[in-house]
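Please open the model in your viewer and keep the sequence panel at hand. The tour proceeds by selection, and each stop states what is to be found there.

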Amino acid sequence: MSNIEIVLNMLAEVSASSITDVKNPQTYEENMQCAFDGGSVAAVARQSLEKELGHGVISSLNVKDFFLEQQDIKKLDGD
């Protein structure tokens, strides 16, 4: 995952959590709707960013690969 993907994931999570706090869902279906709505917030942000950048922001990296890559960069920098 890239930094952008991590941030979009965090946006989806905090959005879903905030929506859940406001709507106070009582059923499974209502909770699912809050989760969907939170994901929709992140989807809109992703689409807007991709439009501005002119390219997609989703990578084929998974989070493990991302952190391994970061460690390799630190080793090269001597940290």
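Begin by selecting residues 28-53, which form helix α2. This helix has 26 residues, and from its first C-alpha to its last it reaches 37 Å, close to the 38 Å expected at 1.5 Å a residue. Please bear in mind throughout that this is a predicted model.

Keep α2 displayed and show the side chains on it that are buried. Which residues are these? They are Cys34, Asp37, Gly38, Ala42 and Glu50. Next, add residues 3-23, which make up α1. Helix α1 is included in what covers the buried residues of α2.

Move now to the end of α2 and select Gly54. This residue comes just after the helix and takes a positive phi of about 85°.

The next selection is residues 63-77, helix α3, with Phe66 highlighted within it. Is Phe66 buried or exposed? Its relative accessibility is 9%, and buried means under 20%, so Phe66 counts as buried. To see what touches Phe66, set aside its neighbours within four places in sequence; the residues in contact with it are then Met1, Ser2, Asn3 and Ile6. Of interest here is also a distance that can be drawn in the viewer, from the C-alpha of Phe66 to the C-alpha of Gln47. These two residues are 19 positions apart in sequence and 22 Å apart in space.

Now clear the selections and display the whole chain. How many helices and strands does the protein have? There are three helices and zero strands, and reading along the sequence gives the pattern α-α-α. The radius of gyration of the protein is 16 Å, well over the 12 Å that the globule rule gives for 79 residues, so the protein is more spread out than a compact globule. Along its principal axes, the C-alpha trace spans about 50 × 30 × 20 Å.

With the whole chain still in view, colour by burial: buried residues account for 19% of the 79 residues. Turning on the surface shows an accessible area of about 6000 Å², of which carbon and sulfur atoms contribute 58%.

Contacts may be considered next. Among those with a separation of 6 or more, 55% join residues that are 24 or more positions apart.

As a final stop, colour the charged side chains. The protein has 6 positive and 13 negative side chains, and the centres of the two sets lie 3 Å apart.

Note on methods. Residues are numbered from 1 along each chain as its sequence is written. This is a predicted model: local features need pLDDT of at least 70, side-chain atom pairs count only at pLDDT 80 or more; totals for chains, interfaces and linings use all residues. Side-chain values use heavy atoms; hydrogens and water are left out. Helices (H or I, at least four residues) and strands (E, at least two) are DSSP runs, numbered from the N terminus. The radius of gyration is taken over C-alpha atoms; the globule rule is 2.2 Å times the number of residues to the power 0.38. Buried means under 20% relative accessible area, exposed over 50%, partly exposed in between (1.4 Å probe, protein chains only). Contact means heavy atoms within 4.5 Å. Accessible areas come from the Shrake-Rupley method with a 1.4 Å probe; for residues, only the protein chains shown count as cover. Lys and Arg count as positive and Asp and Glu as negative; His and the chain ends are not counted. The place of a charge is taken as NZ of Lys, CZ of Arg, CG of Asp or CD of Glu. The expected span of a helix is 1.5 Å times one less than its number of residues.
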